Amino acid sequence: MKPKGLLIDITRCVGCHACEQACAEANNLPQDEATDLSATHYTFLRSFNDGTVFVRRLCMHCNEPTCVSACLVGAFRKMETGAVLYDESKCIGCRYCMQACPFEVPRYEWGSLAPKIQKCRMCYERVAAGRQTACAEACPAGATVFGDRDDLIREARSRIDATPGSYIDYIYGLSEAGGTSVLFLSAIPFEKLGFPMNVPREPIPDLSWRVLSQVPKYAVAAGVLLFGINWITARRAEVARFEAEERRAGKQVSRESEVRA
């Protein structure tokens, strides 16, 4: 199966909240309107420009997820559909995934006695069965489109080229964090819509690995340096003890000579 994804065209969103409602129904979540991502709201619409522009927030389902690499127990996994899933049975509650995510998506069930991490699952079971995600199926304006990620990139590029005055020439998610399964088009610069623009263009796990891969080399060098310092210190102490013993022996010989005289 080719990796799937979502293309969200902000210029087409009418702010109907159908995506939120469909997501809640598909995941057995509360139907009340979201005000932010939470353990009970996997997606929500935020309004800009006095309520004329609407921007969805949800898990970006990175191609090489930082949450996967940060998790100590393998509770996160990138699936063949493109979705990033969470296995609560493995989770130890460290919340490193929340710290690692460059898009600040995972949410914790703070009020639960058995808390779990919650986030969009990109309707994994539906997609694996050959269906669309619930949000894409429910969108009446075609603002959310589901399909193969490569096809969505071509569609996004085609829309920009066909009506360049309607879009900024940028596909958000194409290269952020090495690429994501959720892509955005907009007529307004993304930084003005709350999108993080300081996300590295290469997979964050690769950046981490380049740093961590140097640790053994520097650890060996540090070990050699510390061994050398310890040897020199011990050698100096040994020499000092030897010289002190020599001085004491010399004084003893001198006193014995004086007694004989």
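On a 1 Å grid over the protein atoms alone, a cavity is a set of points where a 1.4 Å probe fits but cannot get out, a pocket is an open set with protein on both sides within 12 Å along at least five of seven lines, and lining residues have an atom within 4 Å of a point. The structure described here is a predicted model, in which local features need pLDDT of at least 70 and side-chain atom pairs count only at pLDDT 80 or more, while totals for chains, interfaces and linings use all residues. Residues are numbered from 1 along each chain as its sequence is written, and side-chain values use heavy atoms, with hydrogens and water left out.

**Spaces in the model**

The table sets out the two principal spaces, where a volume is the space filled by probe spheres set on grid points joined across faces, edges and corners.

| Space | Volume | Residues closest to the centre |
|---|---|---|
| Largest pocket | about 260 Å³ | Arg-57, Phe-103, Gly-194, Phe-195, Pro-196 |
| Largest cavity | about 120 Å³ | Cys-13, Cys-16, Cys-19, Cys-139, Ala-143 |

The largest pocket is lined by 16 residues, and strand 3 gives the largest share of that lining, three residues. The largest cavity is likewise lined by 16 residues, and the count of cavities of 30 Å³ or more comes to five.

**Overall fold and core**

The protein chain holds eight helices and nine strands, where helices (H or I, at least four residues) and strands (E, at least two) are DSSP runs numbered from the N terminus. Of its 261 residues, 40% count as buried (under 20% relative accessible area with a 1.4 Å probe, protein chains only; exposed is over 50%, and partly exposed lies in between). Among contacts (heavy atoms within 4.5 Å) between residues at least 6 apart in sequence, 57% join residues at least 24 apart.

A nonpolar core is a set of buried Ala, Val, Leu, Ile, Met, Phe, Trp, Tyr and Cys residues joined through side-chain atoms within 4.5 Å. The largest such core has 42 residues, and those with the most contacts inside it are Ile-10, Phe-103, Tyr-172, Phe-184, Leu-193 and Phe-195. Elements giving two or more residues to this core include strand 1 (4–9), helix 1 (18–26) and strand 9 (182–185). Phe-103, beyond residues up to four places away in sequence, touches Arg-57, Met-60, Cys-62, Tyr-172, Glu-176, Ala-177, Thr-180, Pro-196 and Val-199.

**Helix 6 and its surroundings**

Helix 6 (residues 149–162) has 14 residues and reaches 20 Å from its first C-alpha to its last, close to the expected 20 Å (1.5 Å times one less than its number of residues). Its buried residues are Arg-149, Leu-152, Ile-153, Ala-156, Arg-159 and Ile-160. Seen down the helix axis, these buried residues of helix 6 fall within an arc of 125° (taken from the directions from the axis to the C-beta atoms), so they line one face of the helix. The face turned away from that buried side carries the exposed residues Arg-154, Asp-161 and Ala-162, whereas the buried residues of helix 6 pack against strand 1, strand 8 (144–148) and strand 9.

Ala-156, within helix 6, has a relative accessibility of 0%, and, leaving out residues up to four places away in sequence, Ala-156 touches Leu-7, Ile-171 and Leu-185. Lys-4, which lies in strand 1, is buried as well, with a relative accessible area of 18%. Setting aside neighbours within four places in sequence, the contacts of Lys-4 include Phe-146, Gly-147, Asp-148 and Arg-149.
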